[in-house]
Amino acid sequence: MDIHTSPATPGPVVLAVATEWFSACGGLSTFNRGLCIGLAACGATALCVVPAASEEERRHATAHGVTLLTARRVPGMSTRHVLSRRPNLPAGLTPDIVIGHGRITGAQARILVEDHFPTAARLHLVHMDPDELEWWRDGQVEDAGERADSRARIEWELACSATHVVAVGPRLHALWRRDLSVLPGKPEPLRVDPGLDPFDDGPRTPPPGEPVQLLLYGRMADYRIKGVDLAAQAVAHARTLLPADAPDVELLVRGAPPGESGPLRDRILAWAGDGGLRVTVRPFTTDAEHLRQDLRRATVVIMPSRAESFGLAGTEAIAAGTPALVSDRSGLGMMLRELLPGSRLARAVVPVGLRPEDDVVRWAHRIAAVLVDRDSAFLDAAHLRRSVAALRTWRGAARGLLDAVGDGSTRLGGEVAHRATVETRRAERVSPG
């Protein structure tokens, strides 16, 4: 697919299909927002269609160069289905690229391309692996294997018909390289790593006062996936490794489902088996400022996930300059080891294996090491932020996608290539073959 140019627009026109702009539903929306902002930053005309948007969301998108569109609603039509309708685009614009996110908006993106924008390239972004995640979910009625098979099949069929499959992070990229190899002639998946653009570049020091706070955050409905039980046991064990005069610690868990903060806190205390451990549970929030305050108040962010296709919570901690410990079973952990081979900064990646007792001891010692020497931990976090932010930005992620989709020819200089492509397609249509 060659991206073309026109006098009206300086860059390729990219339409992302999303369920929201701000992140009420978690990491996928955070990823979409970062990518759209990155696309605008590197010269694309970035459009994002959502079912509904507040004035605050519109202002935020506009301030970052993104045009936020709302789907054309029809009474009785579901929120997801309205995204399949042709959006009201700014005058003179037709998408060169349409982006769908997994099984969440991938079907809608496919319909938009097939029914309304047939010359556009469709990128199918893969964010998760059902075959890994579904086995850790509790409280589900359906059999885990059947549920995983159904979701994986939807993802596969959407991916097969896309112009390009785009895997988020190294973990999913490796998986889809294997899976797509069974399709002769299908391009290898592209890979996009989330940006770790710093929240700010100011120096960070350990927060004053007590108790020292450890933060675990994310959507805690799937607490086994997030390793909340492992975190509780590891923090309790870490307390036994600290000097007698060490400040007290508090485990803050941000992300409880509505009405579940109390029950989740009770489970955490039971897992910890430590009546003296201070545990605070707060509901999931979409407020960026609240999250920023949580990150800057914390001495260490822990992400002991048993299955994490990437791990955007860890990227936000690193971007904030807060010490972070992340699971090696996450795409983020794999990326850090890939970017920092042999570096002591890679100690931020902590193994999560199949023996719970070993995991508890391993994580407890890493947590205690941070708490014993907080000054050094914050210096390491600053170094990690500088090192990774130089290599992984949202603008760089967007630029990589545009270059790959355009075969090295972008709208900024691809007019000749586009005309050649149009002529080739015209000839193919009239050819008897």
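A residue counts as buried when its relative accessible area is under 20%. In this predicted model, cysteine 36 comes out at 2% relative accessibility, so it falls on the buried side of that cut-off. Cysteine 160, at a relative accessible area of 28%, is partly exposed.

What about disulfides? The structure has 0 of them. For cysteine 36, the nearest cysteine sulfur belongs to cysteine 48 and sits 4.4 Å away. A disulfide calls for sulfur atoms within 2.5 Å, so cysteine 36 is left in no disulfide.

Now to the sheet. Six strands form an open sheet, and reading across it gives the order E10-E9-E8-E11-E12-E13, with parallel pairing. Its edges are strand E10 (278-283) and strand E13 (349-350), each of which pairs on one side only. As a general point, strands of a sheet pair through backbone hydrogen bonds, in either a parallel or an antiparallel sense.

At the E13 edge, the partner is strand E12 (residues 324-327), and the two run parallel with 2 bridges between them. Here serine 327 stands opposite valine 350 of E13. Helix H13 (residues 331-339) packs on this part of the sheet, where it touches both E12 and E13; its direction makes about 110 degrees with that of E12.

A second helix, H9 (residues 228-241), lies across three strands: E8 (212-217), E9 (249-256) and E11 (300-303). Relative to E9, helix H9 runs at about 170 degrees.

Note on methods: Residues numbered from 1 in each chain as written. Predicted model: local features only at pLDDT ≥ 70, side-chain atom pairs only at ≥ 80, totals over all residues. Heavy atoms only, no water. Buried < 20%, exposed > 50% of the residue type's maximum accessible area, 1.4 Å probe, protein only. Pairing = 2+ DSSP bridges. Helix = DSSP H or I, 4+ residues; strand = E, 2+ residues; numbered from the N terminus. Contact = heavy atoms within 4.5 Å. Axes fitted to C-alpha atoms, helices over the stretch in contact; angles between N-to-C directions.
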